[in-house]
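Here are a few notes to keep beside you as you look at this model for the first time. Take the points in order, with the viewer open.

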2 protein chains.
Amino acid sequence: MTANDLFEQIKAKESFLCIGLDTDLQKIPSHLLDLEDPVFEFNKQIIDATSDLCVAYKPNIAFYESMGEKGWESLKKTIDYIPKDIFTIADAKRGDIGNTSKMYAKTFFETYNFDSVTVAPYMGSDSVTPFLEFKDKWAIILALTSNSGGLDFQITKDENGEMLYQKVLKTSKSYGENIMYVVGATRAESLKEIREIVPNHFLLVPGIGAQGGSLNDVAKYGMNNQCGLLVNSSRGIIYADSTKVFAIKAREQALDLQQKMKALLSSLL
Amino acid sequence: MTANDLFEQIKAKESFLCIGLDTDLQKIPSHLLDLEDPVFEFNKQIIDATSDLCVAYKPNIAFYESMGEKGWESLKKTIDYIPKDIFTIADAKRGDIGNTSKMYAKTFFETYNFDSVTVAPYMGSDSVTPFLEFKDKWAIILALTSNSGGLDFQITKDENGEMLYQKVLKTSKSYGENIMYVVGATRAESLKEIREIVPNHFLLVPGIGAQGGSLNDVAKYGMNNQCGLLVNSSRGIIYADSTKVFAIKAREQALDLQQKMKALLSSLL
């Protein structure tokens with residue numbers, strides 16, 4: 001998918017919502033547990049209930065991987081089920097030496113037909129570039145993450161006063177085309193100067209909802225003239241309810257966010 | 001496995017060799033391809049031929065993941081086949097927010113019974129600590145990696161003149177017990193000052209062989225009084241030959257390294 005395709009979808013749906021599929025057998029409604037593939041069944045109902053309201057789905061790969069082969073099967077069925085016009089993100093945070101990153105890219109772009117993968121930048125250029133060799137596929141590089149530990153290293157200032165995540169942005173944007181960045185919603189105040197470094201890149205923004213970030217601040221400081229934002233909510237939507245009406249309640253939460261996004265998008269539409 | 005168990009094994013085998021199982025269908029001998037599970041058959045023969053010469057095996061998870069469910073099945077069979085006194089490393093370079101890292105830890109320590117996982121430090125403490133909550137299991141944190149891109153960020157000096165990988169070592173060693181670090185053999189000259197920061201930790205050292213690092217330099221600057229080193233070779237051993245005698249040739253390469261290690265260990269034995 002191209003950035004233009006994504007922007008077209010954002011305009012059509014009046015939404016820049018990404019829904020995180022952190023599907024956990026411990027948390028899904030218990031009536032699903034008797035089915036053959038409860039994880040896929042849960043995802044299918046969430047997708048059916050929300051696909052007109054969001055522009056991206058982001059399965060969190062850890063949750064599938066932890067179930068072994070069965071989990072990868074559920075993931076495959078999920079990715080095949082998502083409508084093709086919706087952007088898909090393998091939230092996998094991979095990154096290794098070149099020949100290994102190439103295998104990770106193959107996994108997510110070929111074996112499972114994702115549009116993008118989240119990538120950790122610690123190992124530098126040759127850990128990222130193999131992901132950029134696939135046409136219309138995307139590497140989404142961690143810049144400033146929403147978790148508390150994110151501050152251990154990401155805001156360390158170098159000799160020139162530049163913080164590590166700023167250096168990651170400046171250095172990695174020359175690795176190639178089709179790069180997006182992860183910036184946590186809990187760091188919305190940093191989006192202004194992030195936009196000075198990467199004015200045109202799409203940003204994947206987790207951390208509203210359960211983690212406490214503000215959608216309004218994210219839009220205020222992070223939106224560009226192609227929207228440039230994919231704001232993720234996972235637990236706040238998919239675990240809004242744990243009864244048989246979970247999908248209806250998930251839709252209500254997604255709709256609430258979509259309506260707020262519609263208002264925030266008004267100047268671009 | 002405890003560090004003492006590992007040192008006992010090093011003494012018994014006179015070896016600190018780790019063999020990387022980067023098993024790739026494109027590279028294994030073609031006569032195996034007709035079998036039901038060529039990847040496991042290849043690993044089995046490599047393990048049979050080398051398990052008396054090495055103290056650790058390190059499957060590179062990307063290679064298994066790229067084959068989908070089938071690859072995870074081969075991985076499971078491989079890990080179950082490795083003798084229980086040998087240390088096992090899931091080279092997966094994972095790391096995410098706390099609830100997600102917990103799922104990755106569950107994957108590798110419970111679903112697949114590995115002794116350790118390699119972990120990327122970019123997201124800081126809560127991305128690492130969930131791996132430290134499992135008794136006698138280990139997180140192996142990336143410090144200074146062997147690839148060219150490793151220099152993009154890892155040697156960036158902060159305001160106090162400290163390089164990022166040094167800060168990673170200093171900060172993360174307080175995250176908990178049962179931590180090891182990845183230091184590339186191509187950075188052997190840095191091992192001396194790394195040992196000033198982490199004198200007692202085990203170091204996993206990839207990068208001899210195909211990547212050009214020197215075993216002698218690694219031992220000279222990195223060895224401590226419990227050896228403290230696991231030196232990995234992958235391609236140099238497992239792809240030494242591509243005919244029916246591949247396992248015999250792999251053994252020759254492993255034996256050559258083990259003999260060199262025996263000499264380097266002489267003062268500790």
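1. One yardstick will help before we start: when the directions of two helices are compared, an angle over 145 degrees counts as roughly antiparallel, while one under 35 degrees counts as roughly parallel. Please also keep in mind that this is a predicted model.

2. How confident is the prediction? The scores are ipTM 0.95 and pTM 0.97. For chain A, the mean pLDDT is 96, and 100% of the residues in that chain reach 70 or more.

3. Now try the yardstick on a pair of helices, one from each chain. Helix α4 of chain A (residues 69-81) packs with helix α4 of chain B (residues 69-81), the angle being about 170 degrees and the axes 9 Å apart. Because that angle is over 145 degrees, α4(A) and α4(B) are roughly antiparallel to each other. On the chain A side, the contact is made by Glu69(A), Trp72(A) and Glu73(A); on the chain B side, Glu69(B), Trp72(B) and Glu73(B) take part. By character, the residues of this helix contact comprise four charged and two nonpolar, with no polar ones.

4. How are the two chains related? A turn of 180 degrees, with a shift of 0.0 Å along the axis, lays chain B on chain A with an RMSD of 0.0 Å. The two copies are therefore related as by a two-fold rotation axis. If you would like a landmark for that axis in chain B, look for Asp158(B): its C-alpha is the nearest to the axis in that chain, at 1.9 Å. Both copies use the same surface, as 100% of the contact residues of chain B recur in chain A.

5. Next, the whole contact between the chains. Chain A and chain B bring 46 residues each. In chain B, the elements that each supply at least two residues to the side touching chain A are α3 (61-65), α4, β3 (87-94), α5 (98-111), α6 (125-128) and α7. Which of these gives the largest share? That is α5(B), with seven residues. The side of chain B that touches chain A divides into 18 polar, 15 nonpolar and 13 charged residues.

6. Turn now to the fold of chain A. Its eight strands close into a barrel in the order β1-β2-β3-β4-β5-β6-β7-β8, with parallel pairing. On average, neighbouring strands of this sheet are turned by 30 degrees against each other, direction ignored. For a close look at one pairing, find strands β7 (residues 203-205) and β8 (residues 229-233) of chain A, which run parallel and are joined by three bridges. Here Leu203(A) stands opposite Leu229(A) of β8(A). Helix α9 of chain A (residues 215-222) lies across β7 and β8 of that chain and runs at about 165 degrees to β8(A).

7. In chain B, you can follow a closed barrel of eight strands, β1-β2-β3-β4-β5-β6-β7-β8, again with parallel pairing. Where do β1 and β8 of chain B meet? Strand β1 (residues 17-21) runs parallel to strand β8 (residues 229-233), and three bridges join them. One facing pair is Leu17(B) and Val231(B), the latter in β8(B). Helix α7 of chain B (residues 164-172) packs on the sheet and touches β5 (138-144) and β6 (179-183) of that chain; its direction makes about 155 degrees with that of β5(B).

Technical notes:
Residues are numbered from 1 along each chain as its sequence is written. Chains are lettered from A and ligands numbered from 1 in the order in which they are written. This is a predicted model: local features need pLDDT of at least 70, side-chain atom pairs count only at pLDDT 80 or more; totals for chains, interfaces and linings use all residues. Axes are lines fitted to C-alpha atoms, for helices over the stretch in contact, and angles run from 0 to 180 degrees between N-to-C directions. Helices (H or I, at least four residues) and strands (E, at least two) are DSSP runs, numbered from the N terminus. Angles under 35 degrees count as roughly parallel, over 145 as roughly antiparallel, 65 to 115 as roughly perpendicular and the rest as oblique. Two residues are in contact if their C-beta atoms, placed from the backbone, lie within 7 Å. Ala, Val, Leu, Ile, Met, Phe, Trp, Tyr, Cys and Pro count as nonpolar, Asp, Glu, Lys and Arg as charged, and the others, Gly among them, as polar. Two strands pair if DSSP finds at least two bridges between them. pLDDT is the predictor's confidence in each residue, from 0 to 100. Copies are superposed by least squares on the C-alpha atoms of residues with pLDDT of at least 70 in both.
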